[in-house]
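Grab a coffee and work through these exercises with the structure open. Try each task yourself before you read the solution under it.

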Amino acid sequence: MKILLITGCVLMILSLIIAWIASFVKYLKISWLCNIFKSSSNLIKCHIDYLLMSLLLFAFSSIDSKLPATIIWIMVIGAFTNPLLFLVMSIKPDVNKSLDSAFGIISSVSFTITTIGFGGASIFIIISTLT
């Protein structure tokens with residue numbers, strides 16, 4: 001379960017870094033950063049999503065339950081990849097988001113991994129609590 005806590009801390013730090021970058025882009029209009037991050041709204045969504053993922057990992061790490069290692073690693077992968085999609089869209093807002101595009105396929109895989117990880121952990125905890 002330490003990996004959930006460590007990953008949560010890493011994602012919290014990443015979220016804070018992205019928040020600073022978003023402030024530099026949205027409010028200070030630092031030109032070289034604005035050239036990289038063309039969509040400040042997606043950058044802010046990335047910040048919020050990493051923040052939410054870190055909080056979810058903190059919550060699951062605080063539950064005294066022996067989650068299977070597979071579920072833990074799926075949660076960690078999903079927590080990293082899901083918000084990353086907003087980062088990509090902040091750099092390239094016009095990315096092809098259709099289901100058969102590379103971005104669409106990666107998004108679908110990321111959503112599926114995140115759902116299996118957090119949903120699986122929730123189901124495991126429910127079952128272990130009831131037995």
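**Exercise 1. Get the overall layout.**
Work out how many helices and strands the chain has, and in which order its elements run.

*Solution.* Start with the count: the chain holds five helices and zero strands. Helices here are DSSP runs of H or I with at least four residues, strands are runs of E with at least two, and numbering goes from the N terminus. Reading from the N terminus, you get α-α-α-α-α.

Before going further, some ground rules: this is a predicted model, where local features need pLDDT of at least 70 and side-chain atom pairs count only at pLDDT 80 or more, while totals for chains, interfaces and linings use all residues. Residues are numbered from 1 along each chain as its sequence is written, and side-chain values use heavy atoms, with hydrogens and water left out.

**Exercise 2. Describe the chain as a whole.**
Find the box that the C-alpha atoms fill, the percentage of residues that count as buried, and what supplies the exposed area.

*Solution.* Step one is the box: along the principal axes, the C-alpha atoms fill roughly 55 × 35 × 20 Å. Step two is burial: 37% of the 131 residues count as buried. The cut-offs are under 20% relative accessible area for buried, over 50% for exposed, and partly exposed in between, using a 1.4 Å probe and protein chains only. Step three is the surface: the chain exposes about 7600 Å², and carbon and sulfur atoms supply 76% of that. Such areas come from the Shrake-Rupley method with a 1.4 Å probe; for residues, only the protein chains shown count as cover.

Now add the contacts (heavy atoms within 4.5 Å). Among those with a separation of 6 or more, 77% come from residues 24 or more positions apart. For a concrete pair, take Ser62 and Lys2: they are 60 residues apart along the chain, yet their C-alpha atoms are separated by 9.7 Å. Ser62 sits in helix α3 and counts as exposed because its relative accessibility is 59%.

**Exercise 3. Follow a buried acid.**
Is Asp49 buried or exposed, and which side chain of opposite charge is nearest?

*Solution.* First, place Asp49: you'll find this residue in helix α3. Next, check its cover: Asp49 is buried, yet has no salt bridge. A salt bridge needs a side-chain nitrogen of Lys or Arg within 4 Å of a carboxyl oxygen of Asp or Glu, and the nearest opposite charge, Lys45, is 10 Å away.

Then look at what does touch Asp49. Skipping neighbours within four places in sequence, the contacts are Asn82, Pro83 and Phe86. Asn82 belongs to helix α4 (residues 69–91) and counts as buried because its relative accessible area is 12%. With the neighbours within four places again set aside, Asn82 is in contact with Asp49, Met53, Ser110, Phe111 and Thr114.

**Exercise 4. Hunt for the salt bridge.**
Which residue forms a salt bridge with Asp94, and how far apart are the closest N and O atoms?

*Solution.* Begin with the principle: side chains of opposite charge can pair when their charged atoms come close. The chain offers 8 positive and 4 negative side chains, with the centres of the two sets 9 Å apart. In that tally Lys and Arg are positive, Asp and Glu are negative, and His and the chain ends are not counted; each charge is placed at NZ of Lys, CZ of Arg, CG of Asp or CD of Glu.

The count comes to one salt bridge. The partner you want is Lys92, with its closest N and O atoms 3.5 Å from Asp94. At 43% relative accessibility, Lys92 is partly exposed, whereas Asp94 is exposed at 59%.

**Exercise 5. Spot a nonpolar patch.**
Which residues form a nonpolar patch on the surface?

*Solution.* Apply the rule first: patch residues have over 30% relative accessible area and no salt bridge, with like charges joined within 9 Å and nonpolar side chains (Val, Leu, Ile, Met, Phe, Trp, Tyr) within 5 Å. Ile6, Val10 and Phe80 form such a patch, with about 240 Å² of accessible area together. Zoom in on Val10: this residue lies in helix α1 (residues 2–26) and is partly exposed, at 40% relative accessible area.
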